[in-house]
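Look at the structure below and turn it slowly. Then read the paragraphs beside it.

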Amino acid sequence: MKLLKHLRTDWFKYGFETIAVVVGILAAFALDNWNEDRKQEILEVQYLNGLKADLTSDTAYYIRRIAVSEQAIQDSNNHIRLMYQKQESLEEVKNLISLAIWDSEQLTTQNSTYIDLTNSGSLGMITNPVLRDLIINYYSENERASAHIIEFNEVSSRTLLQVNFVIQNYNKLHRLLDDLYADETRYVEGEWAFINDPTSDKFRTLENAVSIYRLKYAAFLDHFITLKKLSAQLIEDIQKELDSRK
């Protein structure tokens, strides 16, 4: 009986110690997991804030490019319209040619945070699956637009080579305007005579180039409007996610 009583006492003692050790280990694991989850959450918030800052910069950029594209389309339309009106003087020719905007700017947005996420394999750190898909969709659309803009700029640059005579003559035009004794009428009837002849090859080449650039600006405008809408909405979605963490 004494032996059973002794065993029973030791069982309670050792059992309690074992339970205490297990509880201690589980508590340590729980604390480690909590600390790790907390670190992951802090890092996720940092990434979300980085994405938000990039998107805010992108939105301002799209607003600028939308304004530039709209102005370029308007100037291109006016250029083609005025081409079919007779240019009476060198000043009128200068005003006409100044409407042409031979711009080939690429799409330049802020994607450093997203690149860091993807290159480090940390995209899954964005725990909200809906938000993560929206982020992926935005940058996929951004990449698609960038590729199209590069392609269109290459086409328009080749077109610009065909109207190199305009660029060269435009430089001459500026130099000529500095000459107070220049015979403007003679110059318009000479090197710029084609501008009053819609049947001439130079006239048609210039009109075609302006038309291609107008088409390019219109295509770019669609991209910028779409991307601006996506970026602005994504900023709101990210802010809602950040607010939910407070």
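What follows goes from the whole chain to one helix, then to a pocket and to single residues.

The model is predicted, so local features need pLDDT of at least 70 and side-chain atom pairs count only at pLDDT 80 or more, while totals for chains, interfaces and linings use all residues. Residues are numbered from 1 along each chain as its sequence is written, and side-chain values use heavy atoms, with hydrogens and water left out.

The protein has seven helices and zero strands. Read along the sequence, its pattern is α-α-α-α-α-α-α. Here helices (H or I, at least four residues) and strands (E, at least two) are DSSP runs, numbered from the N terminus. Of the 246 residues, 35% count as buried. Buried means under 20% relative accessible area, exposed means over 50%, and partly exposed lies in between, with a 1.4 Å probe and protein chains only. Contact means heavy atoms within 4.5 Å. Among contacts between residues at least 6 apart in sequence, 85% join residues at least 24 apart.

Helix α4 covers residues 129-162, which is 34 residues. From its first C-alpha to its last it reaches 50 Å, close to the 50 Å expected at 1.5 Å a residue. The expected span is 1.5 Å times one less than the number of residues. At the N-terminal end of α4, N128 acts as a cap: a side-chain oxygen of N128 lies 3.1 Å from the backbone nitrogen of V130.

The next topic is empty space. Rolling a probe the size of a water molecule over the atoms shows where empty space is left. On a 1 Å grid over the protein atoms alone, a pocket is an open set of points where a 1.4 Å probe fits, with protein on both sides within 12 Å along at least five of seven lines, and lining residues have an atom within 4 Å of a point. The largest pocket holds about 170 Å³ of space. Its volume is the space filled by probe spheres set on the grid points, which are joined across faces, edges and corners.

Which residues line the largest pocket? They are L107, T108, T109, N111, Y114, I115, Y139, S140, N142, E143 and S146. Helices α3 (112-119) and α4 each supply at least two residues of this lining, and α4 gives the largest share, five residues. By class, the lining has four nonpolar, six polar and one charged residues. Ala, Val, Leu, Ile, Met, Phe, Trp, Tyr, Cys and Pro count as nonpolar, Asp, Glu, Lys and Arg as charged, and the others, Gly among them, as polar.

One of the lining residues, N142, is found in helix α4. N142 counts as buried because its relative accessibility is 7%. The side chains of N142 and Y62 are joined by a polar contact of 3.0 Å. A polar contact is a pair of N or O atoms within 3.5 Å; within protein, one must be able to donate a hydrogen and the other to accept it, and residues adjacent in sequence count only if both atoms are side-chain atoms. Leaving aside neighbours within four places in sequence, N142 is in contact with Y62, L107, T109 and L227.

S156 also has its place in helix α4. Is S156 buried or exposed? With a relative accessible area of 0%, S156 is buried. Its side chain makes a polar contact of 3.2 Å with the side chain of K216. Not counting residues up to four places away in sequence, S156 touches S104, Y213 and K216.

Helix α7 (residues 201-244) holds D237. At a relative accessible area of 18%, D237 is buried. D237 and L131 are 106 residues apart along the chain, yet their C-alpha atoms are separated by 7.1 Å. Apart from neighbours within four places in sequence, D237 is in contact with L131 and L134.

S211 lies in α7 too, but S211 is partly exposed because its relative accessible area is 23%. The C-alpha atoms of S211 and S76 are separated by 7.2 Å, with their positions 135 residues apart along the chain.

The last residue is S69, in helix α1 (residues 2-83). S69 counts as buried at 3% relative accessibility. Residues up to four places away in sequence aside, S69 touches Y217, F220, L221 and F224.
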